[in-house]
Amino acid sequence: MPRRNVHNTRIKGVRMMFGALVDLVGVMNRPQRDARMIKEAGIVLDRALFPLLVGISRVGPINVSELADRVGRDYTTVSRQIAKLESLGLIERRQGSSDKRVTEALITAEGQKMAAAIDAARDRLLGLMLADWTTDDIQTLAPLMRRLADSALATDTPQRDEIEQVRPSAGRR
């Protein structure tokens, strides 16, 4: 196959992947999806707290500002929501293990029970979504998705100079 056709085929594949990712992110970010997951899990939890609990259960202990960045919310909002999760006994806060100036959130035993119910609900819902997929299809896609996510994570750390270029120059003259 000529080099140009290989390049065009690669571009088409990348664009198809991007389109699929945009669709998936759109589905994942719908408030109705979180509400359905909460209902399916049989738990009582404010929908706004759901992605924080899931995030903490997946990657915790996690710095509160990093969690805010992951869920696309500002630090003060996430800090208030973390306080609510803590008051419910689902997470606890502590000083950072490597930097005592930061606050980390980690899941409690009660939070782990709730996260397990969410995981079971997710398994059921994904089972319905993938009902017509073969085991081979799932086994082929799963490591490729993990590889894609790892590549995205590895290239998503902006350098300080890139951040400074994007950030408004408030206070500078």
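Helices here are DSSP runs of at least four residues, numbered from the N terminus. In this predicted model, that puts Arg122 in helix 6, which covers residues 109–129. We'll come back to that arginine once the overall layout is in place.

Taken as a whole, the protein has eight helices and three strands. Walk along the sequence and the order comes out as α-α-α-β-α-α-β-β-α-α-α. The chain has 173 residues, and 21% of them count as buried. Among contacts in the protein with a separation of 6 or more, 46% are between residues 24 or more positions apart.

Next, the sheet. The three strands make an open sheet in the order 1-3-2, with antiparallel pairing. Strand 1 and strand 2 (91–95) sit at the edges, each pairing on one side only. Strands in a sheet pair through backbone hydrogen bonds, and they can do so either parallel or antiparallel. Strand 2 and strand 3 (residues 103–107) run antiparallel and are joined by five bridges. Within that pairing, Glu92 stands opposite Leu106 of strand 3, while Gln95 has Thr103 of strand 3 as its bridge partner. On the other side, strand 1 and strand 3 pair over two bridges, again in the antiparallel sense. Here Asn63 has Glu104 of strand 3 as its bridge partner. And how covered is strand 3? Mostly: four of its five residues are buried.

Just ahead of strand 1 there is a backbone detail to look at. As a rule, most peptide bonds are trans. The bond from Gly60 to Pro61, though, is cis, with omega near -5°. Pro61 falls in the loop that links helix 3 (50–59) to strand 1 (62–63).

The helices have their own packing to show. Two packed helices are described by the angle between their axes and the distance between those axes. For helix 2 (residues 31–41) and helix 6, the angle is about 110° and the axes are 8 Å apart. Angles of 65 to 115 degrees count as roughly perpendicular, so helix 2 and helix 6 are roughly perpendicular to each other. Their crossing is right-handed. On the helix 2 side, the contact is made by Arg36, Met37, Glu40 and Ala41. Helix 6 brings Ala117, Ile118, Ala121, Arg122, Arg124, Leu125 and Leu128 to that contact. Sorted by class, the contact of helix 2 with helix 6 has seven nonpolar residues, four charged ones and no polar ones.

That leads back to Arg122, one of the helix 6 residues in this contact. Is Arg122 buried or exposed? The cut-off for buried is under 20% relative accessible area; Arg122 has a relative accessibility of 19%, so it counts as buried. Leaving out residues up to four places away in sequence, Arg122 touches Met37, Val54 and Arg58. Of these partners, Met37 is among the helix 2 residues that make the contact with helix 6.

How values were computed
Residues are numbered from 1 along each chain as its sequence is written. This is a predicted model: local features need pLDDT of at least 70, side-chain atom pairs count only at pLDDT 80 or more; totals for chains, interfaces and linings use all residues. Side-chain values use heavy atoms; hydrogens and water are left out. Buried means under 20% relative accessible area, exposed over 50%, partly exposed in between (1.4 Å probe, protein chains only). Contact means heavy atoms within 4.5 Å. Two strands pair if DSSP finds at least two bridges between them. Axes are lines fitted to C-alpha atoms, for helices over the stretch in contact, and angles run from 0 to 180 degrees between N-to-C directions. Angles under 35 degrees count as roughly parallel, over 145 as roughly antiparallel, 65 to 115 as roughly perpendicular and the rest as oblique. A crossing is left-handed if the near helix is turned anticlockwise from the far one by less than a right angle, and right-handed if clockwise. Ala, Val, Leu, Ile, Met, Phe, Trp, Tyr, Cys and Pro count as nonpolar, Asp, Glu, Lys and Arg as charged, and the others, Gly among them, as polar.
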